[in-house]
Amino acid sequence: TMFKYDGDHVNTPVYEAPYLYWVSGDENSCGAVKLEISADGKSVKEIWTNPQIRNSMGGLIVIDGKLYTTTENKNLNALDLATGAIAEKIKSPYGTLIFADNKFFAYGLTGDVSLFKLTNGKLTPGGTFKVTQGSKEHFAHPVIANGVLYIRHGEVLMAYKVK
């Protein structure tokens, strides 16, 4: 059967021809999804879904045969792109995720930020800190440019040197 299209689908999909990946966060949704788009773009085929993997705002990253995303159970998950199964998981804040220079930065909904190194396809923790300035929700997506990690919290913009 085809997966449910209703619910929250707020993450930007990732396209890697001919496949489209996305992760939704609504408990009524299919979670993580891999679709195959036909060459003429007129049809789509579901390859797999993983309803255990839900993220309603933090995004997903596809690298070297794996889909990475954080989940409410506070894990950074690496899903095998061929099967959708969890290939690896590591404790992480639940929230947004960004990747640069073989490093993931997870910015959690509680203001926690964790670094994870990706070495030979394996995740290792690389440090944490807490965003203490600013106000309200920790919903902004971080940006990395020229070796600097930028995080906005409310009306405050912080810049952290990435090493």
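## Sheets, salt bridges and aromatic pairs in a predicted model

An open sheet of 4 strands follows the order β5-β6-β7-β8, and its pairing is antiparallel. Its edge strands are β5 (61-63) and β8 (86-91), each of which pairs on one side only. From one strand to the next, the twist averages 25°. The model described here is a predicted one.

Within this sheet, β5 is joined to strand β6 (residues 66-71) by 3 bridges, and the two strands run antiparallel. Ile-63 stands opposite Lys-66 in β6. Strand β6 also contains Tyr-68, an aromatic residue discussed further below.

### The sheet of β13, β14 and β15

An open sheet of 3 strands has the order β13-β14-β15, again with antiparallel pairing. Here the edge strands are β13 (143-145) and β15 (156-161), and each pairs on one side only. Neighbouring strands of this sheet are turned against each other by 25° on average, with direction ignored.

The antiparallel pairing of β13 and β14 extends over 3 bridges. Across this pair, Val-143 stands opposite Tyr-150 in β14. Tyr-150 belongs to strand β14 (residues 148-153).

Which residues form a nonpolar patch on the surface? Val-143, Tyr-150 and Leu-157 do so, and together they present about 280 Å² of accessible area. Membership of such a patch requires over 30% relative accessible area. Tyr-150 has a relative accessible area of 31% and is therefore partly exposed. The cross-strand partners Val-143 and Tyr-150 are thus both members of the patch.

### The hairpin of β3 and β4

Strand β3 (residues 32-37) and strand β4 (residues 44-50) run antiparallel and are joined by 6 bridges. Leu-35 stands opposite Glu-46 in β4. The hairpin has 6 residues between its strands, and in it Gly-41 takes a positive phi near 75°.

A salt bridge also involves residues with numbers in these ranges: the side chains of Lys-45 and Glu-36 meet at 3.8 Å, N to O. Glu-36 is partly exposed, at a relative accessible area of 25%.

### Salt bridges

How many salt bridges does the structure hold? It holds 2 salt bridges. One is the contact between Lys-45 and Glu-36. In the other, Lys-130 pairs with Asp-112, and the closest N and O atoms are 3.7 Å apart. This pair links distant parts of the chain, with Lys-130 in strand β12 (residues 122-130) and Asp-112 in strand β11 (residues 112-119), 18 residues apart.

Are the two partners of this bridge buried, partly exposed or exposed? Buried residues have under 20% relative accessible area and exposed ones over 50%. Lys-130 has a relative accessibility of 44%, so Lys-130 counts as partly exposed. Asp-112, at 29%, likewise counts as partly exposed.

### Aromatic pairs

The structure holds 4 aromatic pairs. A pair of aromatic rings is described by the distance between the centres and the angle between the planes. Two of the pairs are set out in the table.

| Pair | Distance of ring centres | Angle of planes | Arrangement |
|---|---|---|---|
| Tyr-19 and Tyr-21 | 6.5 Å | 50° | tilted |
| Tyr-68 and Phe-104 | 4.6 Å | 40° | tilted |

Why do these pairs count as tilted? Planes under 30 degrees apart count as stacked and those over 60 as edge-to-face, with the rest called tilted. The planes of Tyr-19 and Tyr-21 stand at 50°, so that pair is tilted. The planes of Tyr-68 and Phe-104 stand at 40°, so the pair is tilted.

The partners Tyr-19 and Tyr-21 fall into separate accessibility classes. Tyr-19 counts as partly exposed, at 25% relative accessibility, whereas Tyr-21 counts as buried, at 1%. For Tyr-68 and Phe-104, by contrast, both residues are buried: Tyr-68 has a relative accessible area of 1%, and Phe-104 has one of 0%.

Tyr-68 lies in strand β6 and Phe-104 in strand β10 (residues 103-108), so their pair ties together parts that are 36 residues apart in sequence. Tyr-68 and Phe-104 also belong, with Phe-99, to one aromatic cluster. Through Tyr-68, strand β6 of the sheet β5-β6-β7-β8 is tied to strand β10.

Definitions and conventions:
Residues are numbered from 1 along each chain as its sequence is written. This is a predicted model: local features need pLDDT of at least 70, side-chain atom pairs count only at pLDDT 80 or more; totals for chains, interfaces and linings use all residues. Side-chain values use heavy atoms; hydrogens and water are left out. Patches are made of residues with over 30% relative accessible area and no salt bridge: like charges are joined within 9 Å, nonpolar side chains (Val, Leu, Ile, Met, Phe, Trp, Tyr) within 5 Å. Accessible areas come from the Shrake-Rupley method with a 1.4 Å probe; for residues, only the protein chains shown count as cover. A salt bridge is a side-chain nitrogen of Lys or Arg within 4 Å of a carboxyl oxygen of Asp or Glu. Buried means under 20% relative accessible area, exposed over 50%, partly exposed in between (1.4 Å probe, protein chains only). Two strands pair if DSSP finds at least two bridges between them. Axes are lines fitted to C-alpha atoms, for helices over the stretch in contact, and angles run from 0 to 180 degrees between N-to-C directions. Rings of Phe, Tyr and Trp (its six-membered ring) pair if their centres lie within 6.5 Å; planes under 30 degrees apart count as stacked, over 60 as edge-to-face and the rest as tilted.
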